[in-house]
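Below is a set of questions and answers that reads a structure from its overall fold down to single residues.

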Amino acid sequence: MQTKEELIETLKKIVKPYVQDEQAFENLTEDTDFIKDLKINSANLVDIALDVEEAYDIEIDNESMERMLTVGAAVEIIMSKLQST
Amino acid sequence: MAVNTFNNDYALQNYAHILSKLPYRKPFLFVDRLHSITENGVEGSYTFPEDSYFYAGHFAGNPITPGVILTEVMAQIGVVCLGLFLLADAQSGDIDIALTSTQIDFYKPVFPTETVLVRSTKDYFRFHKLKCTVEMLNSNGELVCRGAISGMMKPKKYA
């Protein structure tokens with residue numbers, strides 16, 4: 001399984017095409033908010049979730065999706081889904 | 001056959017119900033009829049009245065239906081009607097709708113009084129985002145335009 005740092009790197013590759021604020025993307029941390037900081041819209045946040053599902057062969061449920069607002073939350077959701085499969 | 005009659009009546013009532021829930025009104029309602037609708041897709045049509053407001057300016061003395069209007073017709077029939085059908089079980093009557101992306105290629109012009117047929121196939125409907133592959137045909141069956149349209153659709157009382 002990937003380390004947390006590797007997970008963030010993979011997530012950055014997935015997120016990059018949807019980012020509207022490049023500077024916020026360059027300074028990305030676990031606290032970075034997809035919508036407020038990276039200026040991603042809610043429709044593209046859905047695309048990110050679907051790309052994450054494909055990349056990790058996991059299923060993101062509605063409740064997880066509602067929590068998946070920051071890089072840290074996304075990493076935590078991916079890790080917990082990977083552990084439970 | 002009695003069964004078929006029942007199914008047709010049921011379908012017509014169902015379509016009327018969806019049309020009644022559309023949030024558009026003249027001059028920006030671009031759905032006349034729904035021909036079929038399932039959880040995987042929808043087919044419907046619209047006829048452009050000769051006196052539609054946009055023909056006065058697009059183009060001056062040479063009325064042709066604007067691409068943005070063709071896109072709107074595809075979005076209303078192909079995405080919004082389908083979304084209303086998919087959300088038929090939603091507790092709330094009111095649904096928030098937002099267009100989020102379009103990628104359309106255009107092949108044929110559409111002139112005043114023409115009827116167009118829109119066919120839409122659902123790519124996915126997840127986390128309130130409905131993405132569809134949509135095409136429009138003219139009355140000769142020729143491809144007018146085709147592409148992908150996405151929108152967010154969710155009940156207003158969604159907690």
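**Folds, cores and backbone details**

Q: What pattern does chain A follow when it is read along the sequence?
A: This is a predicted model, in which local features need pLDDT of at least 70 and side-chain atom pairs count only at pLDDT 80 or more, while totals for chains, interfaces and linings use all residues. Residues are numbered from 1 along each chain as its sequence is written, and chains are lettered from A, with ligands numbered from 1, in the order in which they are written. Chain A has five helices and zero strands, where helices (H or I, at least four residues) and strands (E, at least two) are DSSP runs numbered from the N terminus. Read along the sequence, the pattern is α-α-α-α-α.

Q: What radius of gyration does chain A have, set against the value for a compact globule?
A: The C-alpha atoms of chain A fill a box of roughly 35 × 25 × 20 Å along the principal axes. The radius of gyration is taken over C-alpha atoms, and the globule rule is 2.2 Å times the number of residues to the power 0.38. For 85 residues that rule gives a value near 12 Å, and chain A agrees with it at 12 Å.

Q: Which residues of chain A does UniProt list for "domain: Carrier"?
A: The listing comes from an unreviewed UniProt entry; its positions are given in the numbering used here, feature names are shortened, and annotations may be inferred rather than shown by experiment. The span is 63% helix and 0% strand, and its end C-alpha atoms lie 15 Å apart. The record gives residues 5-82.

Q: Is E76(A) buried, partly exposed or exposed?
A: E76(A) is found in helix α5 (residues 71-83) of chain A, and its C-alpha atom is separated by 9.7 Å from that of L7(A), 69 residues apart along the chain. A residue is buried if 20 or more other C-beta atoms, placed from the backbone, lie within 10 Å of its own, exposed if 12 or fewer, and partly exposed in between. Because E76(A) has 17 other C-beta atoms within 10 Å, it is partly exposed.

Q: In what order do the elements of chain B run from the N terminus on?
A: The secondary structure of chain B comes to two helices and six strands. From the N terminus on, the order is α-β-β-α-β-β-β-β.

Q: Over how many bridges do β3(B) and β6(B) pair?
A: Two strands pair if DSSP finds at least two bridges between them. β5(B) and β6(B) pair in the antiparallel sense over nine bridges, with A148(B) in β6(B) as the bridge partner of T133(B). β3(B) and β6(B) also pair in the antiparallel sense, with A98(B) opposite M152(B), and their bridges number eleven.

Q: Which element gives the largest share of the largest nonpolar core?
A: A nonpolar core is a set of buried Ala, Val, Leu, Ile, Met, Phe, Trp, Tyr and Cys residues joined through C-beta atoms within 7 Å. The largest one has 30 residues, and those with the most contacts inside it are V73(B), M74(B), C81(B) and M136(B). Its largest share, ten residues, comes from α2(B).

Q: How many residues of chain B are in contact with chain A?
A: Two residues are in contact if their C-beta atoms, placed from the backbone, lie within 7 Å. On the side of chain B that touches chain A, β3 (95-106) and β6 (143-155) each supply at least two residues. Eight residues of chain A are met by residues of chain B numbering seven.

Q: Which residue follows K26(B) across a cis peptide bond?
A: In general, most peptide bonds are trans. One cis bond joins H58(B) and F59(B), with omega about -5°, and F59(B) lies in the loop between β2 and α2 of chain B. The other bond in question has omega near 5° and leads from K26(B) to P27(B).

Q: Is F127(B) buried or exposed?
A: F127(B), in the loop between β4 and β5 of chain B, has a positive phi near 50° although it is not glycine. Because 21 C-beta neighbours lie inside 10 Å, F127(B) counts as buried.
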